[in-house]
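The following exercises concern the arrangement of helices and side chains in a protein chain. Please study the structure shown below before attempting each task.

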Amino acid sequence: MSKQVNGPRRTRRPLRCTGGPRWLLSCVQSRETVLSRKAVQLCDPPPSEEYLMTSFPANFRSPHCTPVLLFVNTCGSFLVLVSLSTHVGSVTGSGLLAGAVLSAPWLPALLLAGPLNRLLARHAPERLVRLAEGASLVLTAAALLAPGRSLLAVAVVLLLARGYFEAVTRAATAVVLRDTVPPDRLDRANTVAEIGKLTGLSVGAALAGPAASALSLRGLLAVNVATLVVSVLLAWALPAASKPASAGSADGARAEAPARPRVDDPVLRRLFARFLLVSFWQGFHTVAVTVVPVQLLGGGTRLVGVFVAVSSVALFAGSLAALPAQRYLDRVPSAAWAVLPMPPLLAAVLAGGTIPTLALYALFLVLFEMAYVHYNNRLLATATDAQLPSVVTFRATLLPSGVAVSILVTGALCDLVGPLATAFVVAAVTLLVTASTGTTRHAWRRHMQDA
């Protein structure tokens, strides 16, 4: 028999969090119970964004993964691209077909610039990177299953399909950096990303020769699958944008996308004109690096190899030099960056000696790369949220097209009038474009003050 207790017995009723956090706090106050802050948080339903990040730890998400992602992406891509171009050239004996393979990945992005612009305007950029890298991985893995006779044709078609996804990756990573990096560190982040992309390009192209001699085409694709696995993991490590590009966003700046990318701002148009000028230099360099040592210096394939090696080092040195020089780049007038590389270029083609030509041409490439970094950073920093999808779309499509057109034009000029006259044509075009866009610096200052 139970003991009788004097007075009514007080029983504790269990706390239930069915009413949400506000009901829990009222229960705490009414029952004079001390609950820790941790208990309140356990009853509070987590935000929906937390569930989206359970597949990858939030602590590992950082925009600093972007340069590594671009390095791995371009390294694996150019490893297969250069090897396949060399293989096609050796099998068919056609330099034109080998060059067509090299330029094939840029064609889909140019033809599908409109859909690319709408994707960037309506979807979160980090998700686009994950989808693009995942699609590239699936397509490349599927190409490994192709029979031996059709493997070469499948690999060429694969390059066309992957060219579009790689353009999505390059454009969307620029948007990720713009949305996740503070404005005072954005120039440095964009520069580091360009260094990662350029380094991957150089390493992939340098490894293409040894890899092609040691591995078959199927083996090269298998290596590319391994690099794509790493790039997919790095894509999942990208942080979510602070300004999601969805139709339901508060400002809706990126929800309304035109059918085709457009840049109406005159400041951005002038910057783009100078950015295309830099791509014109890139096309000239692609031709000159093989023509100058042969036609001007009378060398052979060995001297061409020296020029290629020195050029790669000079371009990499220029991107590295632009990193500590970020704080000084804006102090130099924008027009000066378009004109500065021209005197070393003209002096290099007029020098007549191997060592002076090499040194002056390397100086031209260093200044050329610094000018590229300057215009790239100004373009991405000046564009508003509504203009950014069109800007990165043009950046991913027009610049490679400008390089291809420049290769054709400067190559024809070198055959007709020689590399010396072609270099003076490049300098004349540079002065003409710079003079026609001479108000960029003042307009950019007014643009940033208004913003």
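The buried residues of helix α16 are covered by several elements, among them α12 (266-296), α15 (334-339), α17 and α19 (419-436). The model is a predicted one, and the exercises below are to be read accordingly.

**Exercise 1. Helix α16**

Task: State which residues of helix α16 (residues 342-351) are buried, and describe the phi of Gly352.

Solution.
Step 1. The buried residues of α16 are Met342, Pro344, Leu345, Leu346, Ala348 and Val349.
Step 2. The cover over these residues includes α12, α15, α17 and α19.
Step 3. Gly352 comes just after α16 and has a positive phi of about 85°.

**Exercise 2. Salt bridges**

Task: Establish how many salt bridges the model contains, and describe where the partners of each lie.

Solution.
Step 1. The count is 3 salt bridges. As a general principle, side chains of opposite charge can pair when their charged atoms come close. The cut-off applied here is a side-chain nitrogen of Lys or Arg within 4 Å of a carboxyl oxygen of Asp or Glu.
Step 2. Glu166 and Arg162 form a salt bridge with an N to O distance of 3.2 Å. Both residues belong to helix α9 (residues 151-180), where they are 4 residues apart, about one turn of the helix. In general, an α-helix has 3.6 residues a turn, so residues three or four places apart point the same way. Glu166 counts as buried because its relative accessibility is 7%, and Arg162 is likewise buried, at 4%.
Step 3. Glu194 and Lys197 form a salt bridge at 3.4 Å, N to O. Here the two residues lie in helix α10, 3 residues apart, again about one turn of the helix. Glu194 and Lys197 are both buried.
Step 4. Arg378 and Asp187 form a salt bridge at 3.5 Å, N to O. This pair links distant parts of the chain, since Arg378 lies in helix α17 (residues 354-382) and Asp187 in helix α10 (residues 186-214), 191 residues apart. Both Arg378 and Asp187 are buried.

**Exercise 3. Buried or exposed?**

Task: Decide whether Thr169 is buried or exposed, and do the same for Gly298.

Solution.
Step 1. Buried means under 20% relative accessible area, and exposed means over 50%.
Step 2. Thr169 is located in helix α9. Its relative accessible area is 0%, and therefore Thr169 is buried.
Step 3. Apart from neighbours within four places in sequence, Thr169 is in contact with Asn73, Val129, Ala132 and Glu133.
Step 4. Gly298 belongs to the loop between α12 and α13 (301-322). With a relative accessibility of 62%, Gly298 is therefore exposed.
Step 5. Gly298 and Thr354 are 56 residues apart along the chain, and their C-alpha atoms are separated by 9.6 Å.

**Exercise 4. The packing of α10 and α13**

Task: Determine how α10 and α13 are oriented relative to one another, and which residues make the contact.

Solution.
Step 1. The axes of α10 and α13 are 9 Å apart, and the helices pack at an angle of about 165°.
Step 2. An angle over 145 degrees counts as roughly antiparallel, and α10 is therefore roughly antiparallel to α13.
Step 3. The crossing of these two helices is left-handed.
Step 4. From α10, the contact is made by Thr191, Ile195, Leu198 and Thr199; from α13, it is made by Leu315, Phe316, Ser319, Leu320 and Ala322.
Step 5. Sorted by class, the contact of α10 with α13 comprises 6 nonpolar residues, 3 polar residues and no charged residues.

Key: Residues are numbered from 1 along each chain as its sequence is written. This is a predicted model: local features need pLDDT of at least 70, side-chain atom pairs count only at pLDDT 80 or more; totals for chains, interfaces and linings use all residues. Side-chain values use heavy atoms; hydrogens and water are left out. Buried means under 20% relative accessible area, exposed over 50%, partly exposed in between (1.4 Å probe, protein chains only). Contact means heavy atoms within 4.5 Å. Axes are lines fitted to C-alpha atoms, for helices over the stretch in contact, and angles run from 0 to 180 degrees between N-to-C directions. Angles under 35 degrees count as roughly parallel, over 145 as roughly antiparallel, 65 to 115 as roughly perpendicular and the rest as oblique. A crossing is left-handed if the near helix is turned anticlockwise from the far one by less than a right angle, and right-handed if clockwise. Ala, Val, Leu, Ile, Met, Phe, Trp, Tyr, Cys and Pro count as nonpolar, Asp, Glu, Lys and Arg as charged, and the others, Gly among them, as polar.
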